[in-house]
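Trainee: I should like to learn how to read a structure of this kind. May we go through it feature by feature?

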Amino acid sequence: MIRGTLLSLSLASALVILACGPSGGEESGQPLQSEAPTVEVTATPTEVSLPQVDGPVDGADVSNTQLVALGEILYQQYCASCHGAELEGQANWKIRDENGFLPAPPHDETGHTWHHPDEQLFEITKIGTEAYVGSGYRSNMIGFGDQLDDTEIWAVLAYIKSQWPARTQRAQPK
Ligand code: HEC
């Protein structure tokens with residue numbers, strides 16, 4: 001089958017060359033093609049494959065390199081637009097805007113992410129700050145529960161924590 005396809009393709013290109021006539025080649029200054037065209041069949045992946053994480057995940061384990069690697073990709077995809085590619089947060093993040101919304105705080109050690117235990121960070125990320133705080137509090141921090149599964153949320157948090165210096169990791173309440 002493959003042989004047949006190659007053959008008919010080279011036949012087709014030979015016909016095209018013939019149809020152009022010898023003058024076509026002279027005019028363009030290009031030598032006439034003599035080699036059969038090579039046909040490459042490559043599968044196009046529909047999406048980038050994410051790093052594999054083995055075993056059940058039930059926490060933001062910074063020592064799990066697979067989890068941290070997955071989290072870095074997801075962080076850049078889902079969080080970096082607001083919290084910054086370097087976890088630096090938005091400018092003047094302590095000052096509410098004219099509509100009363102807080103900008104996104106940094107997730108590095110200069111912010112207050114590390115003031116919260118893992119379980120709280122998980123809840124905030126999963127359901128969003130409005131639902132987490134309640135009482136009609138308004139916030140631009142949406143919940144990611146419908147876009148990220150629990151393992152993926154733990155992965156993002158593991159990545160964030162992996163960027164903290166050891167003393168900040170130790171200072172985080174458990
Ligand atoms: C559309 C912008 C936006 C995106 C995207 C976003 N956040 Fe936020 N995030 C915020 C804002 C704004 C706040 C502050 C909310 C407030 O306190 O009112 C916040 C706060 C937080 C907090 C609380 C931090 C603290 O110190 O209190 C956590 C945790 C958090 N975000 C995690 C994430 C994670 C993880 C992602 C990606 C999965 C993410 N955010 C994506 C805007 C965003």
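Trainee: Where is Pro 165 found?

Mentor: Please bear in mind that this is a predicted model. Pro 165 sits in the loop between α6 and α7.

Trainee: Is Pro 165 buried or exposed?

Mentor: One counts the C-beta atoms around the residue. Pro 165 has 10 other C-beta atoms within 10 Å and is therefore exposed, since 12 or fewer is the limit for that class. Its partner across the chain is also worth noting: Pro 165 and Glu 109 are 56 residues apart in sequence, yet their C-alpha atoms are 7.5 Å apart in space.

Trainee: How many helices and strands are there in the protein chain?

Mentor: The chain has seven helices and zero strands. Read from the N terminus, the order of elements is α-α-α-α-α-α-α. Of its 174 residues, 19% count as buried. As for contacts between residues at least 6 apart in sequence, 53% of them join residues at least 24 apart.

Trainee: Which residues have the most contacts inside the largest nonpolar core?

Mentor: The general idea comes first. In soluble globular proteins, nonpolar side chains tend to be buried together. Here the largest nonpolar core has 21 residues, and those with the most contacts inside it are Leu 67, Trp 154, Ala 155, Val 156, Leu 157, Ala 158 and Tyr 159. At least two residues of this core come from each of α2 (65-78), α4 (118-127) and α6 (150-162). The greatest contribution, eight residues, is that of α6.

Trainee: With which residues is Leu 67 in contact, leaving aside its neighbours within four places in sequence?

Mentor: Leu 67 is then in contact with Val 53, Val 57, Asp 61, Trp 154, Ala 155 and Ala 158. Trp 154, Ala 155 and Ala 158 are also among the residues with the most contacts inside the core.

Trainee: At what angle do the axes of α2 and α6 cross?

Mentor: Two packed helices are described by the angle between their axes and the distance between the axes. The axes of α2 and α6 cross at roughly 95° and come within 7 Å. The two helices are therefore roughly perpendicular to each other.

Trainee: Which residues of α2 meet α6?

Mentor: On the α2 side they are Leu 67, Val 68, Leu 70, Gly 71, Glu 72, Leu 74 and Tyr 75. They meet Glu 152, Trp 154, Ala 155, Val 156, Ala 158, Tyr 159, Ile 160 and Ser 162 in α6. By character, the residues of this contact divide into eleven nonpolar, two polar and two charged.

Trainee: Which residues come nearest to the ligand?

Mentor: A ligand can be read through the residues that surround it. There are 21 residues around this one, and Cys 79, Cys 82, Ala 104, Ser 139 and Met 141 come nearest. The elements giving two or more residues to the shell are α3 (80-83) and α4. The shell contains twelve nonpolar residues, nine polar and no charged.

Trainee: What is the phi of Leu 87?

Mentor: Most residues other than glycine have a negative phi, and most peptide bonds are trans. Leu 87 has a phi near 65°, a positive value in a residue that is not glycine. Leu 87 is placed in the loop between α3 and α4, and is buried, with 21 other C-beta atoms within 10 Å. Ser 135 likewise has a positive phi, of about 55°, although it is not a glycine. Ser 135 lies in the loop between α5 (129-133) and α6, and counts as exposed, with 5 C-beta neighbours inside 10 Å.

Trainee: How many residues apart along the chain are Arg 170 and Trp 114?

Mentor: Separation along the chain and separation in space are read side by side. Arg 170 and Trp 114 are 56 residues apart along the chain, with 9.5 Å between their C-alpha atoms. Arg 170 belongs to helix α7 (residues 166-171) and counts as exposed, with 9 C-beta neighbours inside 10 Å.

Trainee: In which helix does Gln 120 lie?

Mentor: Gln 120 lies in α4. With 13 other C-beta atoms within 10 Å, Gln 120 is partly exposed. Gln 120 and Tyr 132 are twelve residues apart in sequence and 8.9 Å apart in space, C-alpha to C-alpha.

Terms used
Residues numbered from 1 in each chain as written. Predicted model: local features only at pLDDT ≥ 70, side-chain atom pairs only at ≥ 80, totals over all residues. Core = buried A, V, L, I, M, F, W, Y, C linked by C-beta atoms within 7 Å. Buried ≥ 20, exposed ≤ 12 C-beta atoms within 10 Å, placed from the backbone. Helix = DSSP H or I, 4+ residues; strand = E, 2+ residues; numbered from the N terminus. Contact = placed C-beta atoms within 7 Å. Near = placed C-beta within 6 Å. Nonpolar A, V, L, I, M, F, W, Y, C, P; charged D, E, K, R; others polar. Axes fitted to C-alpha atoms, helices over the stretch in contact; angles between N-to-C directions. Parallel < 35°, antiparallel > 145°, perpendicular 65-115°, else oblique.
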